[in-house]
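Good morning, colleagues. Please look at the chain on the screen while I go through a few of its contacts.

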Amino acid sequence: MYPPSRKDFIALTLPDSSNHPYNNGKHRRQSCWRKWKQLSRLQRSLILFLLMLLLIFGLFSFPSITEQWRGFSDREGWLEVNDRGVRTIIPGGKSLSDQAAEKDPPPMVRPDVGSDTVEETRDQNIPMMPKPPIKKKGASKRGPPNLQKNVGAALPDAAEGEKKELIENEGGEEDKEEKIISWRGAMIEADQATEPPPSAVDKGPVAPVPVNPAPPEATGGSVDRLEVVRDTFRHAWKGYKDHAWGRDELKPISKSFGEWFGLGLTLIDSLDTMWILGLKEEFTEAKSWVEQELSFSKNTDVNLFETTIRVLGGLLSTYHLTGDQLFLDKAKDLGSRLMPAFNTPSKIPFSDVNIGKGTAHPPRWTTDSTLAEVTSIQLEFRELSRLTQEPQYQEVVNEVMKQVHNLGGKQDGLVPMFINTNSGQFTHKGVFTLGARADSYYEYLLKQWIQGGKTEDTLLEDYLQAIDGVKKHLVRQTGPNRLTFVGELSHNRFNPKMDHLVCFLPGTLALGAHNGLPGDHMDLAVKLMETCYQMYKQMETGLSPEIAHFNLQASDSQDIYVKPADRHNLLRPETVESLFYLYRFTKDTKYRDWGWEILQSFNKYTKVAGGGYTSINNVEDPTNPGPRDKMESFFLGETLKYLYLLFSDDAELLHLDKYVFNTEAHPLPIWPSSPK
């Protein structure tokens with residue numbers, strides 16, 4: 001036996017330290033480490049993998065768990081602990097017993113929770129704790145049941161104290177709205193849009209549902225339809241005044257605004273509508289803004305077409321209706337600032353112009369302008385020349401029409417949708433439509449001829465040839481019920497697709513027939529008017545989709561069907577515009593009844609509590625139409641104006657032998673004689 005070494009001697013003489021309180025943790029760590037080292041590599045890898053999964057799961061679940069409990073605490077109330085025990089209180093410090101005799105306050109919704117919650121004011125000196133979650137029944141909602149899918153609690157309006165219902169948009173529809181930007185003459189992909197990016201105020205998740213009382217019925221007593229239109233306008237104007245005053249467009253759901261050019265588009269677009277409807281108080285407020293706030297001396301790009309038809313047209317028509325020099329002065333200032341758009345090699349104007357810098361350029365994505373853009377500004381520029389006795393405005397737009405008249409690439413009067421600003425030639429030849437990007441070219445051929453006293457034969461020639469081309473190549477009938485519609489032609493291949501924008505055509509055809517053009521134009525107008533009405537009637541909401549497709553097969557199935565990407569409604573005016581013309585010329589009361597049905601549907605599915613109307617995503621789903629949170633300026637400038645004129649018994653109100661309407665429904669006088 002060997003004598004003990006120094007190390008062994010120390011181990012034998014010193015007390016065992018493994019049980020010492022200061023060494024327990026170290027000993028356990030060493031034991032765990034030895035056990036860990038004894039595991040195989042596969043076992044260690046598996047354990048590490050499971051630990052990572054638990055860590056990742058914990059990180060992802062922590063925010064949702066926190067949010068859930070916060071929602072429970074907000075939603076279910078609080079418990080107060082004091083010397084008398086625990087009692088349930090509601091936010092604001094009042095107990096349930098304290099409020100037994102009080103009316104329940106309107107609930108609030110917090111956008112970060114998205115479910116029934118209560119807006120709280122917590123007293124930091126009162127100890128509170130959340131109650132355990134209790135399952136509750138859904139809160140009762142005001143408004144029709146069809147607007148209550150995915151609805152949260154109601155919002156009390158600060159001004160009116162009335163409830164607003166909320167709905168969360170479906171992600172797919174939201175994505176689709178991001179991709180498309182609407183304008184009067186086209187639907188443009190977002191990466192092609194001339195509209196600037198939304199400002200910070202536009203951002204953020206919002207989804208309140210429209211809340212509205214049931215519209216008055218036409219039966220069971222006399223209804224003043226004109227007063228209903230006025231009330232509709234007042235409601236839309238209230239939303240604009242409260243949340244978007246002086247801005248381009250109202251976002252009625254989020255109670256905010258959108259800016260396109262920063263020119264107060266909705267306000268100016270609405271000026272003549274207010275005058276026609278006799279809304280003196282609203283008109284006076286708007287006029288004060290124009291006088292004190294409207295300035296075109298700003299470094300901003302505007303779209304030539306949109307600014308011309310909405311702002312320049314709106315100012316000119318308001319000048320004619322009121323005789324107020326203010327509006328003509330503003331129109332002249334704007335017109336002079338738009339002129340740089342025509343400084344191109346071909347004299348075909350650029351689509352965009354900076355009204356502050358005096359520079360112009362094509363869209364970011366192409367050197368082309370759309371045909372509707374460059375051929376639907378003539379009524380306004382020609383009238384500006386007549387009023388100011390400055391010929392340059394009329395000269396530049398007449399030059400555009402002259403060039404388009406002489407261009408090759410047409411097919412029986414039908415024109416391609418694009419024209420190059422450098423060469424002055426049509427591009428994308430072989431594609432013909434009366435919808436987006438081409439529609440108002442045909443409209444302005446006729447209306448320029450009427451405006452100028454029916455003396456410009458080239459315009460009439462182009463219009464008549466175009467209508468013959470439409471009848472030859474684009475007009476078809478559905479198989480089931482023989483509805484007449486206008487399709488599209490792409491390299492000699494017919495597409496049974498019709499934009500809602502094409503519903504301007506019945507009114508234009510009727511206007512031509514009223515001015516002595518062939519009688520079969522009116523026959524076609526009546527048939528197309530029926531189809532445009534059916535685009536509303538056959539939808540579950542009673543509102544037309546943006547684009548309809550038609551069934552050419554003889555069968556018992558439906559005439560009209562809608563693709564998912566086309567089922568939105570933007571509050572467009574074209575159908576009620578044509579109803580106005582058809583009623584004025586035929587006095588057939590069915591056109592008034594059709595317009596009344598459409599107005600009722602607007603009030604049922606697009607009216608937003610507190611003010612404003614919103615475009616919707618799905619005309620086929622009355623339970624969830626999907627508010628898009630945007631009220632286009634043309635809803636006030638065109639749609640409601642045409643509805644009022646449709647219901648008015650005053651035949652002298654904007655008599656169609658004295659006025660011609662631009663493509664934004666702004667009336668301009670017909671010239672007594674040809675311009676010098």
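Is E285 buried, partly exposed or exposed? With a relative accessible area of 23%, E285 is partly exposed; here buried means under 20% relative accessible area, exposed over 50%, and partly exposed in between, with a 1.4 Å probe and protein chains only. I should say at once that this is a predicted model, in which local features need pLDDT of at least 70, side-chain atom pairs count only at pLDDT 80 or more, and totals for chains, interfaces and linings use all residues. Residues are numbered from 1 along each chain as its sequence is written, and side-chain values use heavy atoms, with hydrogens and water left out.

Let me stay with the salt bridges. The term denotes a side-chain nitrogen of Lys or Arg within 4 Å of a carboxyl oxygen of Asp or Glu, and by this rule there are 26. E285 has K241 as a partner, with the closest N and O atoms 2.6 Å apart. This pair links distant parts of the chain, K241 belonging to helix α5 (residues 225-243) and E285 to helix α7 (residues 280-292), 44 residues apart. Helices (H or I, at least four residues) and strands (E, at least two) are DSSP runs, numbered from the N terminus. K241 is itself partly exposed, at 37%.

Helix α18 contributes to two further bridges. In one, the side chains of K537 and E597 meet at 3.9 Å, N to O. Because K537 lies in helix α16 (residues 519-537) and E597 in α18, parts that are 60 residues apart in sequence are tied together. In the other, R592 pairs with D649 at 2.7 Å between the closest N and O atoms. R592 is in α18, whereas D649 sits in the loop between α19 and β25, 57 residues away. The accessibilities of these partners are 13% for R592, which is buried, and 66% for D649, which is exposed. Elsewhere, E227, R230, D231 and R234 are joined into one network by salt bridges that share partners.

I turn to the aromatic residues. Rings of Phe, Tyr and Trp (its six-membered ring) pair if their centres lie within 6.5 Å; planes under 30 degrees apart count as stacked, over 60 as edge-to-face and the rest as tilted. The structure holds 22 such pairs. One of them is F485 with F494, whose centres are 6.1 Å apart and whose planes are at 50°, so the pair is tilted. F485 is buried at 0%, and F494 is buried at 19%. Y613 and F635 are also tilted, with centres 5.1 Å apart and planes at 45°. Y613 is in the loop between α18 (590-605) and α19 (633-647), F635 is in α19, and 22 residues separate them. In addition, F580, Y581, F585, Y642 and F661 form one aromatic cluster.

What does the record mark at T663? In an unreviewed entry, UniProt lists T663 under "binding site"; positions follow the numbering used here, feature names are shortened, and annotations may be inferred rather than shown by experiment. T663 lies in the loop between β25 (659-661) and β26 (667-669) and is buried, at 1%.

Finally, consider helix α11 (residues 378-388). Nine of its eleven residues are buried, so α11 is largely enclosed by the rest of the structure. Q389 follows α11 and has a positive phi, near 60°.
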